[in-house]
Amino acid sequence: VVVSKIMVGTLPTILAAELGVACGLLCLLPSCFLLRRERLFRDRRTHLVLLLQALCGILLYRMLTYWGLRYTTAADSGLIGGGAPVFVAILAFLFLKERPTKYRVAAVLLASTGLLAVNLLPFCSQTIYEGSIRGNLLILAAVFCESVFSVLSRVRCEPMSALYRTTMITVYAFIL
């Protein structure tokens, strides 16, 4: 988050996101093709899941985070990022039909309370900074996208190594 905050201060948001993905590809592509031989072409469902992961977990997550960091602090962003398990638990319950345990429900309630505190704190102070609220909401949207990415990783696809999956998602993100 701190490095991202520095990047958005000096680079346009889209360029910063694309450079981050390109750096990842420089490491992933040689590793993927030298260390492991896997089929390049997969079924359509697998491609769709990987594409959606790239869209939500890399492209939208980075863009929303970078835009949000233009308006809020890295500290608030880090605190809001802690809300990812809340979204993951809710999305997994809704879409994957995972049964929440009492501990998971308690954790969701505690994390939700923390998120509300961070986002409502500007309203309690004497000087309400509108940009901070906008930035916090953008970071919250980024965390939601990251959570969609996590839930999509649990969707059944063709078996593949983690390295190959990560490389394919990064390729799709670079194209997007």
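Val143 touches Ile80, Gly81, Gly83, Ala84 and Phe87, leaving aside residues up to four places away in sequence. The model described here is predicted. Val143 also belongs to the largest nonpolar core, a set of 12 residues, and Phe87 takes part in the one aromatic pair that the structure holds. The points below treat the core, the aromatic pair, helix α5 and two further sites.

**The nonpolar core**

- Besides Val143, the largest nonpolar core includes Val8, Ala16, Ala17, Met63, Tyr66, Leu69, Ile80, Ala84, Phe87, Leu115 and Ile139.
- Two or more residues of this core come from each of the elements α2 (13-35), α3 (44-69), α5 and α7.
- The element that gives the most is α3, with three residues.
- Three of the contacts of Val143, namely Ile80, Ala84 and Phe87, are themselves members of the core.

**The aromatic pair**

- Phe87 and Phe144 form an edge-to-face pair, with 5.4 Å from centre to centre and 90° between the planes.
- Phe87 lies in helix α5 (residues 84-95) and Phe144 in helix α7 (residues 130-152), so the pair ties together parts that are 57 residues apart in sequence.
- Phe87 has a relative accessible area of 19% and therefore counts as buried, the cut-off being under 20%.
- Phe144, with a relative accessible area of 35%, is partly exposed, because this value falls between the limits of 20% and 50%.

**Helix α5**

- The buried residues of α5 include Ala84 and Phe87, together with Val86, Val88, Ala89, Leu91 and Ala92.
- Because an α-helix has 3.6 residues a turn, residues three or four places apart point the same way.
- At 1.5 Å a residue, the 12 residues of α5 should span 16 Å, and the end C-alpha atoms of the helix are indeed 16 Å apart, which agrees.
- Lys97, just after α5, takes a positive phi of about 60°.

**Further sites**

- The charged end of Arg134 sits over the ring of Tyr71, at 4.7 Å from the ring centre.
- Ser150 is placed in helix α7 and is partly exposed, with a relative accessible area of 24%.
- Ser150 and Pro85 are 65 residues apart along the chain, and their C-alpha atoms are separated by 9.6 Å.

How values were computed
Residues numbered from 1 in each chain as written. Predicted model: local features only at pLDDT ≥ 70, side-chain atom pairs only at ≥ 80, totals over all residues. Heavy atoms only, no water. Phe/Tyr/Trp six-rings, centres within 6.5 Å; stacked < 30°, edge-to-face > 60°. Helix = DSSP H or I, 4+ residues; strand = E, 2+ residues; numbered from the N terminus. Buried < 20%, exposed > 50% of the residue type's maximum accessible area, 1.4 Å probe, protein only. Lys NZ or Arg CZ within 6 Å of the ring centre and 35° of its normal. Expected span 1.5 Å × (residues − 1). Core = buried A, V, L, I, M, F, W, Y, C linked by side-chain atoms within 4.5 Å. Contact = heavy atoms within 4.5 Å.
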